[in-house]
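Colleague: I have some labels to check with you. Please show me the model, and then I will ask how each one is justified.

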Amino acid sequence: MTQQPLSTPFAFDTEFDASGVVVNAAAAFRPIKRAYGPAEVDALVAEARMEARNQALAEVDSIQAMALSAISQALAAATPALAQVAQAHRRQSAELALTAARVVAASALDRFPEAPLQAALEALGQEIDASPRLVIRTGDLTEATHARIEQLCADAGFSGIVAFRTDPTMAAAAFQLEWSDGRAAFDPAEAFARMREALDSALAAEAGHAEILTPEPTMEGRP
């Protein structure tokens, strides 16, 4: 009796699509390896660890990039509010300084009402020196204050006639000077109004909305 050869089960290694085109050829078929040696296992473990490490580092980089983007967006959103807070702080600081200066100046002018007039006479000494008459318009001052003002005129080099005009509506430190070639005036309220305008202009210019305006001089010493 003839021995039959061992038969090999038929394997469908070649795959076709619906149109008959080969999708997976038999030559490309690779059997799945079922057993690994110790060295191969160690290599696969090391490779897996490296892939896991690289994936974790990539995730960390992605999270870091998202965090930096979120911080950048938060800073961009907060910048206008911070600018408004800084502008408000500067304005409030300037307001406080101006208020304190006004209180100090008011106290000084109440104690020395002739001080602004003395400064004006010293500054205008050469201009009023040749004038025969000087008219000084002030508020309700005492005779002693008038005598001090006359002495200030003499010290400034004025040798003409000093004529006083009283205006009860004027502040104690306010005055108006008139001579043949010109006039000068000072009013504390107007001076602080100019300071207020200069302050507002400077704050607006700092905020980028206007240019700093040069305030007008507080005294008109030129004809």
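Colleague: Why is Arg148 called partly exposed?

Modeller: This is a predicted model, so keep that in mind. Arg148 has a relative accessible area of 39%. Buried means under 20%, and exposed means over 50%. The value for Arg148 lies in between, so Arg148 is partly exposed.

Colleague: What makes Arg148 and Glu114 a salt bridge?

Modeller: Their side chains meet at 3.6 Å, N to O. The cut-off is 4 Å, so the pair counts. The pair links distant parts of the chain. Arg148 sits in helix α4, residues 143-155. Glu114 is in the loop between α1 and α2, and the two are 34 residues apart.

Colleague: Is Glu114 buried or exposed, and how do you know?

Modeller: Glu114 has a relative accessible area of 13%. Buried means under 20%, so Glu114 is buried.

Colleague: How do you know that Glu95 and Arg196 form a salt bridge?

Modeller: Look at the distance, N to O, between their side chains: 2.5 Å. That is within 4 Å, so the pair is a salt bridge. Glu95 lies in helix α1 and Arg196 in helix α5, residues 188-206, so the pair ties together parts that are 101 residues apart in sequence.

Colleague: What is the exposure class of Glu95, and what is that of Arg196?

Modeller: Glu95 has 26% relative accessibility, which makes it partly exposed. Arg196 has 27%, and Arg196 is partly exposed too. Each value falls between the 20% and 50% limits.

Colleague: What makes Glu190 and Arg194 a salt bridge?

Modeller: Their side chains meet at 3.9 Å, N to O. The limit is 4 Å, so the pair qualifies. Both residues lie in helix α5, 4 residues apart, which is about one turn of the helix. Glu190 is partly exposed, at 44% relative accessibility.

Colleague: How many salt bridges does a search of the whole structure find?

Modeller: The search finds 4.

Colleague: Which residues form the nonpolar patch on the surface?

Modeller: Tyr36, Val41, Leu44 and Val45 form it. Together they have about 330 Å² of accessible area.

Colleague: Why can Val41 pass the patch cut-off for accessible area?

Modeller: Val41 is at 36% relative accessibility. A patch residue needs over 30%, so Val41 passes. Val41 is in helix α1, residues 38-111.

Colleague: And the whole chain: how many helices and strands are there?

Modeller: There are 5 helices and 6 strands. Buried residues make up 20% of the 223 residues.

Terms used. Residues are numbered from 1 along each chain as its sequence is written. This is a predicted model: local features need pLDDT of at least 70, side-chain atom pairs count only at pLDDT 80 or more; totals for chains, interfaces and linings use all residues. Side-chain values use heavy atoms; hydrogens and water are left out. Buried means under 20% relative accessible area, exposed over 50%, partly exposed in between (1.4 Å probe, protein chains only). Patches are made of residues with over 30% relative accessible area and no salt bridge: like charges are joined within 9 Å, nonpolar side chains (Val, Leu, Ile, Met, Phe, Trp, Tyr) within 5 Å. Accessible areas come from the Shrake-Rupley method with a 1.4 Å probe; for residues, only the protein chains shown count as cover.
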